[in-house]
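This report examines helix packing, burial and backbone geometry in a single protein chain. The sequence and structure are shown first, and the discussion follows.

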Amino acid sequence: MKLIGTLTSPYVRKARLVLLEKNIPHEFVVELPQGSLALQGNPMGRIPALILDDGFCVFDSTVISDYVDALNDHPVLISRSDAAARLRVKRWEALADGIADSAVVVRTERMRTVEKQDADTLKLHNKAISNALSYAAGLLGSNEWCEGESITLADLAMTSALVYLDLRQPELDWRSAYPNLSTWFAKMCKRKSVIAAGS
Ligand SMILES: N[C@@H](CCC(=O)N[C@@H](CS)C(=O)NCC(=O)O)C(=O)O
């Protein structure tokens, strides 16, 4: 299978981390959104796109993560037997993707000339990011993992969102505000998969 995407997209990183954590053989093809491979299989031309060996294209990152997790049990990243645990993991994923969504909007807005930037849009999405970080820190508490007793998709999705936030908003000092999140993130950043996916 081939994963199509860029090195910086938080959604692509999440899909890559799932593939790497589960040791699924794949080729990572670096391509911008609307590139030819992404467009071949995904009518929106968005990344990530996962192209299976028979040509079937899987999108978006949530569907890719769900599919790849089902390929083996080493480790199980989204619970199969406990509906409540599954719900909690998927909600963490929505929270992480929400941070990424708002960070992408802020980044897009900031790429405009200052006169063309929309202050209300920036305010709305920066507030969403800070609320989501505070919520995540509260949920994590003193736990070792975002959900349960071992790594799950929740940890991988949050890691992807925070790597992206550090890249695009390095001025945001979320580590001082949320030391528990900072400690957990530092541990995640030492994982082989996270190192392999780069920053
Ligand atoms: N909800 C999607 C979001 C994917 C997404 O927006 N990807 C961006 C790159 S960060 C993209 O392809 N943008 C280009 C476009 O929409 O044309 C997912 O989780 O995969």
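## Basis of the description

A residue is called buried when its relative accessible area is under 20%, exposed when it is over 50%, and partly exposed in between. The model discussed here is a predicted one.

## Packing of helix 4 against helix 5

Helix 4 (residues 83-110) packs on helix 5 (residues 119-140) at an angle of about 150 degrees, and their axes lie 9 Å apart. Angles over 145 degrees count as roughly antiparallel, and the two helices are therefore roughly antiparallel to each other. The crossing of helix 4 past helix 5 is left-handed.

On the helix 4 side, the contact is formed by R91, W92, L95, I99, S102, A103, V105, V106, E109 and R110. Helix 5 contributes T121, L122, H125, N126, A128, I129, A132, L133, Y135, A136, L139 and L140. Sorted by character, the residues of this contact comprise 15 nonpolar, four polar and three charged.

## Packing of helix 4 against helix 6

Helix 4 also packs against helix 6, at an angle of about 15 degrees and with the axes 8 Å apart. This angle makes helix 4 roughly parallel to helix 6. Their crossing is left-handed.

The contact involves V89, W92, E93, A96, I99, A100, A103, V104, R107 and R110 of helix 4. Its helix 6 residues are L153, A154, A157, M158, A161, Y164, L165 and R168. The residues of this contact divide into 14 nonpolar and four charged, with no polar residue.

## The buried face of helix 8

Helix 8 (residues 179-189) has L181, S182, W184, F185 and M188 as buried residues. Viewed down the helix axis, these buried residues fall within an arc of 165 degrees, so they line one face of helix 8. The face turned away from the buried side carries P179 and T183, which are exposed.

The packing partners of the buried residues of helix 8 are helix 5, helix 6 (153-168), helix 7 (174-177) and helix 9 (192-197).

## Two buried positions

S65 belongs to helix 3 (residues 61-69). With a relative accessible area of 1%, S65 is buried. Apart from neighbours within four places in sequence, S65 is in contact with K14, V18, I78, E93 and L153.

A137 is located in helix 5 and counts as buried at 8% relative accessibility. Once residues up to four places away in sequence are set aside, A137 touches Y178, N180 and L181. A137 and L153 are separated by 16 residues in sequence, and their C-alpha atoms are 17 Å apart.

## Backbone geometry in the loops

Most residues other than glycine have a negative phi, and most peptide bonds are trans. I47 and P48 are joined by a cis peptide bond with omega about 5 degrees. P48 is situated in the loop between helix 2 (36-41) and strand 3 (49-51). The peptide bond from H74 to P75 is cis as well, its omega being near -5 degrees, and P75 is in the loop between helix 3 and helix 4.

N23, which is not a glycine, has a positive phi near 55 degrees. N23 lies in the loop between helix 1 (10-21) and strand 2 (27-30) and is exposed at 65% relative accessibility. Q34, also not a glycine, has a positive phi of about 70 degrees. Q34 is in the loop between strand 2 and helix 2, and at 48% relative accessibility Q34 counts as partly exposed.

Terms used
Residues are numbered from 1 along each chain as its sequence is written. This is a predicted model: local features need pLDDT of at least 70, side-chain atom pairs count only at pLDDT 80 or more; totals for chains, interfaces and linings use all residues. Side-chain values use heavy atoms; hydrogens and water are left out. Axes are lines fitted to C-alpha atoms, for helices over the stretch in contact, and angles run from 0 to 180 degrees between N-to-C directions. Helices (H or I, at least four residues) and strands (E, at least two) are DSSP runs, numbered from the N terminus. Angles under 35 degrees count as roughly parallel, over 145 as roughly antiparallel, 65 to 115 as roughly perpendicular and the rest as oblique. A crossing is left-handed if the near helix is turned anticlockwise from the far one by less than a right angle, and right-handed if clockwise. Contact means heavy atoms within 4.5 Å. Ala, Val, Leu, Ile, Met, Phe, Trp, Tyr, Cys and Pro count as nonpolar, Asp, Glu, Lys and Arg as charged, and the others, Gly among them, as polar. Buried means under 20% relative accessible area, exposed over 50%, partly exposed in between (1.4 Å probe, protein chains only). The arc is that of the directions from the helix axis to the C-beta atoms.
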